[in-house]
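Student: I'd like to learn how to read a model like this one. Could you take me through it step by step?

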Amino acid sequence: MALDQVDQAIISQALIAAAKEMGIKLVRSAYSPIVREANDCSAALLDVHGNVVSQAELIPMQLGPIGTTFRPCAELYPPETLEPGDFYINNHPYHGGQHVPDIFIFTPIFFGDRLVGFSSTVAHHLDLGGGAPGLNMAAGDVYQEGLIFPPSRYNVNRDWNGGPFERLVRANVRVPEKTIGDCNAQFAANGVGTRRVVELCEKFGADAVTQAMAGLLDYAEQRMRAAIAAAPDGVYHGEDQLDSDGVGDTPLVVRARVEIAGDTVSVDYEGTCGQVSTNVNCPFASTIAAGLSCVKSVLTSPDIPFNEGAKRPIEITAPYGSLLNPRPPAPVRARMLSAYRAYNAVMKALAQAVPEQVMAAGFDTTHATCLSHLGEEGYGIYLEIFGGGYGASAVGDGCDAVDSPLSNCSNIPIEAIDMEHEFFRVVEYALVPGSGGGGESRGGLGLRRVYEVLADDVEYQSYSDRFVIAPEGLFEGEDGGEAFVSVLRGNEKFTLGSKTSFRLAKGDRLVMSTGGGAGYGDPGRRSAERRAQDRDDGALAAS
Amino acid sequence: MSDRTRVGVEVGGTFTDLVAFEAGGVRITKVPSTPQAPHRGAIAALDESGLALEAADDLVHGSTVATNAVLERKGAKVAFFATEGFRDLLALQRQSRRSIYDIRYRKPEPVVPRRDTFDIPERTGPHGEVVTPLDEAAARHRVRQALQGGGYESVAICLLNSYANPAHERRMAEMIAERFPGTGITCSCDVTREFREYERASTTTLAAYVQPVIDRYLGAFERALGERGFAGRFSLMQSNGGRLPASGMAGNAITSLYSGPAAGVMGAIRQAGRSGYSNLITFDMGGTSTDVCLVQEGTPVLTSDAEIDGLPIRVPVLDIVTVGAGGGSIVWRDDGGMLRVGPRSAGAEPGPACYRRGGTDPTITDAHLVRGTVLADTFLGGRMAVDPALSRDAFGALATHAGCSVERVADDAIRVAEHNIVRAIQLVSTERGRDPRDYVLVPFGGAGPLHAARVAEVLGISSIVIPPAAGVLSAFGLVASDFVRYESRTVRFALDEAGAAKRVREQFAAMRADAEAAFAALGLTRGLVYTHTLEMRYVGQAFEVAVQLDAEEIARLDAAHLRERFNDAHHRIFEFDDSRTNRPEIVSFRLGIASPPPSVPALAGTDEAPHEALVTLFDGGERVSARRLNRSALLQAGTGEGPLLIADDTSTAYVPPGWRARVDSHHNVILTR
């Protein structure tokens with residue numbers, strides 16, 4: 001029996017609300033600042049086939065390929081063999097996962113004896129062992145990046161709550177109370193999603209709920225196709241580059257060929273450079289997420305739910321062995337950097353198709369800062385993710401100091417850092433005047449942080465980009481400003497690279513500045529009113 | 001005293017409502033609001049009502065003036081002072097976006113632009129220790145440079161870790177007051193003492209931004225009252241559900257943000273309470289939106305997680321969830337073919353299609369006219385002419401697209417709207433670990449009673465209490481509300497630390513003494529009631545769960561009991577507790593002090609002749625024949641079986657088949673099934 005269209009609407013909205021509730025509860029019951037303050041986590045509801053039906057809008061990078069992460073689990077352990085209490089877990093970059101810290105957990109939802117779907121969460125875990133606390137820039141392969149959970153099935157009662165799997169994890173990580181606590185928050189959030197779906201089944205029947213899930217996929221697909229069809233057909237090319245792999249100084253080029261044909265889009269990353277020996281390789285699941293997010297952001301209204309259905313009209317391919325589809329066991333921890341250039345290359349291609357709908361290149365980089373210290377009471381690990389300025393668009397200036405488009409991490413409050421860590425202190429947090437590229441619309445401003453180091457032997461590990469190659473202005477807009485990091489030690493100054501580690505000493509000042517976004521349109525056409533505002537609010541560099 | 005007049009004046013977005021209780025009965029007046037000069041609308045309502053203000057001893061006012069000042073960015077010119085290195089806090093915010101795929105994203109606009117932000121050399125640590133002493137000479141110099149000739153009406157100070165030790169903020173305030181007397185000064189430690197500097201700075205700047213606006217507004221209002229011979233007590237509604245004498249609003253103006261929805265909740269609590277109901281879900285549906293709130297044992301739930309226009313406010317406010325589902329909400333079909341309601345509203349201009357003001361978009365009000373659940377001849381008590389044919393026309397295109405009748409689409413639209421409301425209620429109930437079936441639904445506002453029964457069915461609620469004069473319940477709520485004030489303190493310690501229970505007792509005792517003194521200064525000493533709330537979490541978490549304790553519990557408190565209370569509360573919300581591996585800690589204390597008004601008058605329906613008729617309406621896909629009657633007719637009949645329409649001057653209730661209605665001795669209409 002076909003589902004009544006109003007029931008379809010009602011159940012769809014309830015599924016979207018349930019995923020959102022899962023996300024909120026995951027954040028609010030988590031332990032590590034990277035989840036509870038920075039919100040580096042996501043949540044989704046899946047149908048029995050592992051298609052993402054609805055999701056909490058948290059981190060685009062994690063959301064795009066949840067289905068891709070699910071499938072290897074289901075192939076090994078078919079869903080029909082699952083029992084209550086079972087769960088799938090996967091963080092394997094070469095089996096559908098992204099980078100090692102992002103652990104995906106899937107909980108089957110049973111209504112009576114019937115499997116009706118899965119609730120799933122992913123969280124960035126502060127530390128999963130590996131060669132250095134929190135982040136190991138020296139990793140030469142994926143094994144040095146932390147504990148790998150291949151696609152697996154466990155049972156939460158038998159293996160987790162005090163069981164052997166939990167004990168194994170606990171023994172192999174540096175801050176077990178946070179890692180285990182965050183896993184527990186993931187299980188609990190999955191429980192919330194499960195409960196909401198069961199309640200819907202009780203009210204509407206399991207048939208209606210599963211039909212509504214299928215309908216919600218079709219609905220998103222239909223809206224996505226309508227949006228794509230409105231864009232002009234054609235083949236468009238775009239290109240962007242990373243400064244380097246962090247060892248050499250050769251830029252890493254990413255190319256995209258984007259074809260819009262009727263109501264479909266295909267993105268092919270042919271022509272992208274080969275994989276590298278450092279951790280900027282981007283697993284294919286992450287490449288898919290980057291391409292999808294760009295197409296979705298540019299062509300559709302933010303109101304369209306992003307699920308597996310919305311992905312159907314979009315095909316993404318990348319040559320095996322390239323930066324965007326590496327062979328194992330290449331390290332991948334900083335995969336976001338290459339993913340951003342994959343995003344930028346598609347954006348530049350789409351700029352030719354729909355110039356009014358795109359934005360100029362922004363800082364568009366994950367600037368990850370990790371500080372760690374082994375004190376008498378164990379490890380202190382601080383990890384924070386920074387964005388910078390957004391690119392400008394036809395409708396306005398780029399957003400200042402905001403996390404980059406594929407991510408959405410909040411900053412960690414200075415007062416939360418003060419409570420948590422005694423080996424360093426943040427002494428400045430500010431906008432960077434002058435970092436936004438000029439234009440009819442100007443690029444957003446980058447941000448600046450200064451850390452005062454309060455102990456000896458503090459390990460600094462970081463990855464970032466756009467230290468050398470600035471984001472490119474669009475339609476005569478100017479380039480955005482570059483990022484930099486330096487360390488002040490007495491009268492000495494060390495200039496650090498974008499992908500590096502450094503041993504800090506007591507009294508050092510670590511100064512970091514992220515880049516601004518590029519401008520859009522001829523700066524000569526900027527209105528007098530907006531110029532005056534730039535001047536009054538100090539958006540311009542003091543020169 | 002009880003023969004004196006009590007007056008509530010509520011300024012809303014469209015109408016200003018007045019409810020006056022006199023020896024002779026109740027007087028209800030409704031006049032258009034005057035958004036350009038809000039106090040004029042309120043004074044006009046007083047003049048129009050013909051009240052003798054000399055005889056009034058209690059006048060309570062609820063106003064959107066503070067809310068509008070923020071939404072329209074028409075507040076005071078504020079200078080913001082932060083710790084050196086952190087003046088950009090307001091622009092940086094939390095770095096995240098609310099809409100993750102929106103590449104044209106803009107952050108919420110702070111009420112203080114960057115050019116008006118300054119910093120001073122000092123730093124306090126997380127335990128309240130001074131890391132860098134306040135450099136007074138430098139601070140004085142910067143204050144002078146910043147404020148001299150700047151034309152600032154108000155100053156906001158928010159320094160890092162001041163929640164743990166406010167000494168530097170206080171010293172800054174003294175220095176500014178010495179040099180620039182007459183400038184309003186708001187310290188973060190006086191507004192909210194919770195950690196997270198951006199949220200605290202946002203709250204502090206909002207407070208500084210609205211304070212001069214409220215001061216001016218109250219000044220003008222009090223003068224106008226004085227000219228009319230009023231010599232009683234004048235008080236103002238707050239968003240926490242209580243009121244404060246006007247003199248108590250000095251330094252407290254931020255609590256008047258969003259006071260309107262709070263007044264309705266308080267009115268619902270009083271009126272349902274007379275009939276013996278104390279566990280309520282209130283449901284206020286007006287022209288553009290619906291506000292819902294959960295009430296536990298007569299006490300509305302508070303949250304410290306509110307925001308206005310995207311800017312956080314960390315003061316306790318009623319936990320009210322708003323959805324864009326009101327009478328004016330527009331019904332539309334999106335490009336994926338899904339039927340949607342709101343959040344866009346036809347507002348008052350042009351209004352629903354039936355208003356004959358040129359609106360062509362179908363709205364929920366139009367849907368009711370098409371279904372026959374609202375009748376043209378009794379619209380707003382017959383005071384407003386509407387044209388149902390225009391409503392039918394407006395739904396024409398949607399019906400053609402769906403290949404069904406106009407009635408069917410209108411009926412579908414109402415079901416979608418009702419489920420939007422259901423989700424809002426689930427947010428305040430199921431998502432907070434409360435089962436809606438344990439509550440009665442209390443609908444009010446112009447449109448609440450029309451939808452209550454169907455909303456209750458979906459939620460499994462079996463009783464509904466519809467107050468009399470449901471359309472002006474908020475104005476009644478003003479007069480019915482207590483005087484209330486909350487104090488919060490961040491004092492962190494784990495439950496397994498020595499003497500934890502004793503510290504809880506002592507902290508609350510100290511806060512009670514402070515609150516009592518503050519109330520005494522406002523002349524409030526009668527029947528004081530305290531509420532004690534601990535904000536708790538497991539060590540390592542960042543968000544707190546509220547645990548409410550009564551006075552008796554505190555007297556015999558031990559750590560084991562408190563641990564159990566917290567584990568239960570955590571489990572209720574998150575469906576798990578970490579008692580196996582983690583230790584609970586207390587993060588902050590919140591004390592509420594309340595003093596009741598001298599007496600709360602009773603709200604009654606207006607007397608009218610019994611009236612009854614037979615109508616045809618469309619509901620749930622079927623055409624049904626229903627009785628339409630007024631309250632007097634229902635009272636006369638004793639009980640009525642649905643389908644029924646019960647109409648009074650301010651709203652209409654729909655009683656579907658399967659429900660039974662009666663009027664109880666407190667003038668409430670009770671629906672059961």
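Tutor: Let's begin with strands. Two strands pair if DSSP finds at least two bridges between them, and strands (E, at least two residues) and helices (H or I, at least four residues) are DSSP runs, numbered from the N terminus. For a case, A:Leu242 stands opposite A:Leu252 in strand 8 of chain A.

Student: Before we go on, what sort of model is this, and how do the labels work?

Tutor: This is a predicted model, where local features need pLDDT of at least 70, side-chain atom pairs count only at pLDDT 80 or more, and totals for chains, interfaces and linings use all residues. Residues are numbered from 1 along each chain as its sequence is written, while chains are lettered from A and ligands numbered from 1 in the order in which they are written.

Student: Which strands make up the open sheet 7-8-9-10 of chain A, and which of them stand at the edges?

Tutor: That order lists its four strands, and the pairing is mixed. Strand 7 (234–242) and strand 10 (314–317) of chain A are the edges; each has a single partner strand, so one side of each has no neighbour in the sheet. The twist from one strand to the next averages 15°. Strand 7 of chain A pairs with strand 8 (residues 252–261) of chain A in the antiparallel sense, over nine bridges.

Student: What packs on the sheet?

Tutor: For angles, think of axes as lines fitted to C-alpha atoms, for helices over the stretch in contact; angles run from 0 to 180 degrees between N-to-C directions. Touching here goes by contact: two residues are in contact if their C-beta atoms, placed from the backbone, lie within 7 Å. Helix 11 (residues 335–353) of chain A touches strand 7, strand 8 and strand 9 (264–268) of chain A, and its direction makes about 145° with that of strand 7 of chain A.

Student: How does the sheet 6-5-9-10 of chain B pair?

Tutor: That open sheet of four strands has parallel pairing. Strand 6 (117–120) and strand 10 (184–187) of chain B stand at the edges, each with a single partner strand, so one side of each lacks a neighbour in the sheet. On average, neighbouring strands are turned by 25° against each other, direction ignored. Strand 5 (residues 78–83) and strand 6 of chain B pair over four bridges, and B:Phe81 has B:Phe118 in strand 6 of chain B as its bridge partner. Helix 5 (residues 167–179) of chain B lies across strand 5, strand 6, strand 9 (154–158) and strand 10 of chain B, at about 175° to strand 10 of chain B. Helix 7 (residues 197–227) of chain B also packs on the sheet, touching strand 5, strand 9 and strand 10 of chain B.

Student: How do I read two helices that cross, say helix 1 and helix 7 of chain A?

Tutor: Start with the angle: under 35 degrees counts as roughly parallel, over 145 as roughly antiparallel, 65 to 115 as roughly perpendicular and the rest as oblique. The axes of helix 1 and helix 7 of chain A come within 8 Å and cross at roughly 160°. That makes helix 1 of chain A roughly antiparallel to helix 7 of chain A.

Student: And the handedness?

Tutor: A crossing is left-handed if the near helix is turned anticlockwise from the far one by less than a right angle, and right-handed if clockwise. Helix 1 of chain A passes helix 7 of chain A in a right-handed crossing.

Student: At what angle do helix 9 and helix 11 of chain B pack?

Tutor: Helix 9 (residues 364–371) and helix 11 (residues 406–428) of chain B pack at about 135°, with their axes 9 Å apart. They are therefore oblique to each other, and their crossing is left-handed.

Student: How many residues does each chain bring to the contact between A and B?

Tutor: Chain A brings 65 residues and chain B brings 49 residues. Helix 1 (5–29) of chain A is among the elements that supply at least two residues of the chain A side, and helix 1 of chain A gives the most, with eleven residues.

Student: Where are the domains of chain A?

Tutor: Domain bounds come from an automatic or database domain assignment. For chain A, that assignment gives domain 1 (5–223) and domain 2 (359–543). Their C-alpha centres lie 31 Å apart, and the contact takes 21 residues from domain 1 of chain A and 23 residues from domain 2 of chain A.
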